Amino acid sequence: MMSRPAVHPVDASSMTNDAAAAAAAAVVPRVRMKDVQGMAGTPGGLFLRLCQFAFAVISLCVMATTSDFPSVTAFSYLVAAVSLQSLWSLLLAIADVYALLVRRSFRNAGLVGLFTIGDGITSTLTFAAACASAGITVLIGNDLDKCSVNHCKRFMSATAMAFLSWFAVSPSFFLNFWSLASQ
């Protein structure tokens, strides 16, 4: 004896138009997460990107106007980190402007993953460079008492702008990570 399948295929041509319409109406569309302001492709995301870019460029310009920043490795690292941060933020700000102009948000998991990884790397580099520069600034200013011969105020300003840039990139990273995890 041979067993027979319990479910038999139904020929789609045998369904009437009314039955097909009822079957299509029964399909529930997939519910997507609402766009939270700050995610890529939203006005809040564009604002965060522009803040990241502005703070990174200010930090870069202030540090580059001092003549003795290359003599300290931490300050050179800060210049490199905020340069990368400013380029990354500018590129993603352009992508956010495009997404806003075409009225689409970023739903592609690969693209959101790229944004998340890029934000994670640049935020880590910027934070590490700001911490190292802050340590050297405290060393020069408080421990060695050599602010009179160095550009302590400029070093402190550039370090503060780097911290503000990191502070602006952190919500972007966490919101992109959350968006990636919820897909």
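**Exercise 1. Polar partners of Asp119**

Determine which side chains are joined to Asp119 by a polar contact in this predicted model.

*Solution.*
Step 1. The side chains of Asp119 and Trp88 are joined by a polar contact of 2.8 Å.
Step 2. Another such contact, of 3.1 Å, links the side chain of Asp119 to that of Asn176.
Step 3. Asp119 is placed in helix H4. With neighbours within four places in sequence set aside, the residues in contact with Asp119 are Arg49, Trp88, Leu92, Val169, Ser172, Phe173 and Asn176. Both polar partners, Trp88 and Asn176, thus appear among these contacts.

**Exercise 2. The salt bridge**

Identify the residue that forms a salt bridge with Asp119, and decide whether the two partners are buried or exposed.

*Solution.*
Step 1. Side chains of opposite charge can pair when their charged atoms come close.
Step 2. The partner is Arg49, and the closest N and O atoms of Arg49 and Asp119 are 2.7 Å apart. The cut-off for a salt bridge is 4 Å, so the pair qualifies.
Step 3. Arg49 belongs to helix H2 and Asp119 to helix H4; with their positions 70 residues apart, the pair links distant parts of the chain.
Step 4. Buried means under 20% relative accessible area. Arg49 has a relative accessibility of 3% and therefore counts as buried. Asp119, with a relative accessible area of 0%, is buried as well.
Step 5. The count of salt bridges comes to one.

**Exercise 3. The disulfide**

State which cysteines the disulfide joins, and derive its handedness from the S-S torsion.

*Solution.*
Step 1. A search of the whole structure yields one disulfide. This bond joins Cys147 to Cys152, with an S to S distance of 2.2 Å.
Step 2. The torsion about the S-S bond is about -100°, so the disulfide is left-handed.
Step 3. Cys147 is partly exposed, at a relative accessible area of 30%, whereas Cys152 is buried, at 4%.
Step 4. Cys152 lies in helix H5. Beyond four places in sequence, Cys152 is in contact with Thr137, Ile140, Gly141 and Cys147. For Gly141, 11 residues away along the chain, the C-alpha separation from Cys152 is 6.7 Å.
Step 5. For the accessibility of other cysteines, Cys61 is partly exposed at 42%, and Cys131 is partly exposed at 35%.

**Exercise 4. The largest nonpolar core**

Describe the membership of the largest nonpolar core, and find which helix gives the most residues to this core.

*Solution.*
Step 1. The core has 15 residues; those touching the most other members are Met63, Phe69, Phe75, Leu78, Val82, Phe155 and Ala162.
Step 2. Two or more residues come from each of helix H2 (43-64), helix H3 (73-101), helix H4 (109-143) and helix H5 (152-181). The most come from H3, which gives five residues.
Step 3. Apart from this core lies another, of eight residues, including Ala40, Ala99, Val112 and Phe115.
Step 4. Leu78 illustrates the contacts: not counting residues up to four places away in sequence, Leu78 touches Ser59, Met63, Ala129, Ala130, Ser133, Ala158, Thr159 and Ala162.

**Exercise 5. Annotated spans**

Compare the UniProt transmembrane annotation with the modelled secondary structure of residues 113-140 and 160-181.

*Solution.*
Step 1. The unreviewed UniProt entry lists residues 46-65, 77-101, 113-140 and 160-181 as "transmembrane region".
Step 2. Residues 113-140 are 100% helix and 0% strand, and the end C-alpha atoms lie 40 Å apart.
Step 3. Residues 160-181 are likewise 100% helix and 0% strand, with the end C-alpha atoms 32 Å apart.

Notes:
Residues are numbered from 1 along each chain as its sequence is written. This is a predicted model: local features need pLDDT of at least 70, side-chain atom pairs count only at pLDDT 80 or more; totals for chains, interfaces and linings use all residues. Side-chain values use heavy atoms; hydrogens and water are left out. UniProt positions are given in the numbering used here, feature names are shortened, and annotations may be inferred rather than shown by experiment. Helices (H or I, at least four residues) and strands (E, at least two) are DSSP runs, numbered from the N terminus. A nonpolar core is a set of buried Ala, Val, Leu, Ile, Met, Phe, Trp, Tyr and Cys residues joined through side-chain atoms within 4.5 Å. Buried means under 20% relative accessible area, exposed over 50%, partly exposed in between (1.4 Å probe, protein chains only). Contact means heavy atoms within 4.5 Å. A salt bridge is a side-chain nitrogen of Lys or Arg within 4 Å of a carboxyl oxygen of Asp or Glu. A polar contact is a pair of N or O atoms within 3.5 Å; within protein, one must be able to donate a hydrogen and the other to accept it, and residues adjacent in sequence count only if both atoms are side-chain atoms. A disulfide is a pair of cysteine sulfur atoms within 2.5 Å.
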